[in-house]
Structures are given as C-alpha cells and as structure tokens.
Amino acid sequence: MWPFKSKNWAKLGVQYPKDRLKQILINGTGCEDIRLNDAVYRAIPYNDFTKLAWIGYDGPFEYEDEISDCDDAALFYESAVRKAWAKKAKNSGAALATGRAKVLRGNGSPVHMMIWQVDDKGMINWIESQTYSKAKEPEKIYYIEG
C-alpha cells in the first residue's frame with residue numbers, strides 16, 4: 001500500500017456558485033464585464049493551480065504576431081490547465097476558477113491578454129501565460145471570461 005496520502009483534487013479548495021465567483025471578480029477588479037460559462041467553480045490554492053499548469057505544459061512556443069501572440073498563449077495556457085484539471089478532479093462537478101482577461105498592463109503597453117485565477121482564499125492571481133509566471137495586477141481590465 002502506498003504510504004503517502006494522495007491529494008483529492010475534487011475536494012481541494014473552496015467551491016463557489018457562478019454568481020459568488022462573479023462577485024469576487026467584480027469586487028476584486030472593478031470590472032463588470034464578466035463572462036462565466038459554468039454553474040459551479042472550484043477555487044484551489046495558487047501553488048496547486050501552478051502545478052496543474054505545469055502538468056499540461058507541452059513545451060515553449062515561438063512568439064509570432066497573430067499566430068502565437070498573447071491571446072493565443074492565453075488559450076494554450078488555459079487549455080493545458082483545464083485539461084489537467086479534468087483529469088485530476090474527475091467527478092468534482094465544478095469548473096476551475098480560472099480564465100482569460102483582456103487587460104491593459106500600464107506604462108504605455110498595448111492591450112494584452114492575461115490569465116486570472118481565484119484561489120481558495122478568494123484572492124485574484126494574475127498569470128503571464130507566455131512565461132507561466134505570476135504577474136502584477138493589470139492597470140485596466142476590459143473583460144474577464146472563464
């Protein structure tokens with residue numbers, strides 16, 4: 001018998017109905033254009049969320065305008081995380097509290113696409129999908145989807 005306790009991903013963190021997650025995002029960002037597609041979400045610790053991202057990581061991609069730029073990288077990242085979540089949290093009945101957001105990072109930067117994640121403490125984490133690293137909160141958020 002395996003001597004280590006296995007992580008129960010389906011029960012990890014906090015479960016939120018769609019309306020509660022939407023309110024966390026509105027309160028935390030000031031953005032009211034929130035597009036959530038599922039009825040129930042699970043907010044897991046940030047460290048576990050990053051583990052899911054790395055599980056689904058299939059190697060770096062070369063940046064190319066229009067083909068593999070920030071919006072594409074956000075889709076690649078989100079897809080990898082969601083695929084890993086679907087395998088790890090089978091039968092949990094909850095989507096992962098994550099998605100993409102169209103943002104303005106500030107300092108004269110162009111419009112950008114970033115990943116957001118709500119953790120088990122109700123905090124919003126921002127991730128740069130091109131580098132798999134935690135990022136500063138954007139200056140402006142145009143819309144959030146998940």
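Is Lys-51 buried, partly exposed or exposed? With a relative accessibility of 44%, Lys-51 is partly exposed. The views below take a friendly stroll through this predicted model.

**View 1. A salt bridge within helix H2 joins Lys-51 and Asp-48.** The closest N and O atoms of this pair are 3.8 Å apart. Both residues belong to helix H2 (residues 46–56), where three residues, about one turn of the helix, separate them. Lys-51 is partly exposed, whereas Asp-48 is buried, at 7% relative accessible area.

**View 2. Glu-78 and Arg-82 meet in helix H3.** Their salt bridge brings the closest N and O atoms to 2.9 Å. The two residues sit four residues apart in helix H3 (residues 70–88), again about one turn of the helix. Glu-78 is buried, at 9% relative accessibility, while Arg-82 is partly exposed, at 23%. Zoom out a little to find a network of salt bridges that links Glu-78, Arg-82, Arg-100 and Glu-145.

**View 3. Arg-35 pairs with Asp-33 in a salt bridge.** Here the N to O distance is 3.0 Å. Arg-35 has a relative accessible area of 37% and is partly exposed; Asp-33 is partly exposed too, at 32%. This contact is one of eight salt bridges in the structure.

**View 4. Six strands form an open sheet with mixed pairing.** The strand order is E2-E9-E5-E6-E7-E8. Strands E2 (34–35) and E8 (133–135) are the edges, each pairing on one side only. Inside the sheet, strand E6 (residues 111–118) runs antiparallel to strand E7 (residues 124–128), and four bridges join them. Look for Trp-116, whose bridge partner in E7 is Trp-126.

Key. Residues numbered from 1 in each chain as written. Predicted model: local features only at pLDDT ≥ 70, side-chain atom pairs only at ≥ 80, totals over all residues. Heavy atoms only, no water. Pairing = 2+ DSSP bridges. Salt bridge = Lys/Arg side-chain N within 4 Å of Asp/Glu carboxyl O. Buried < 20%, exposed > 50% of the residue type's maximum accessible area, 1.4 Å probe, protein only.
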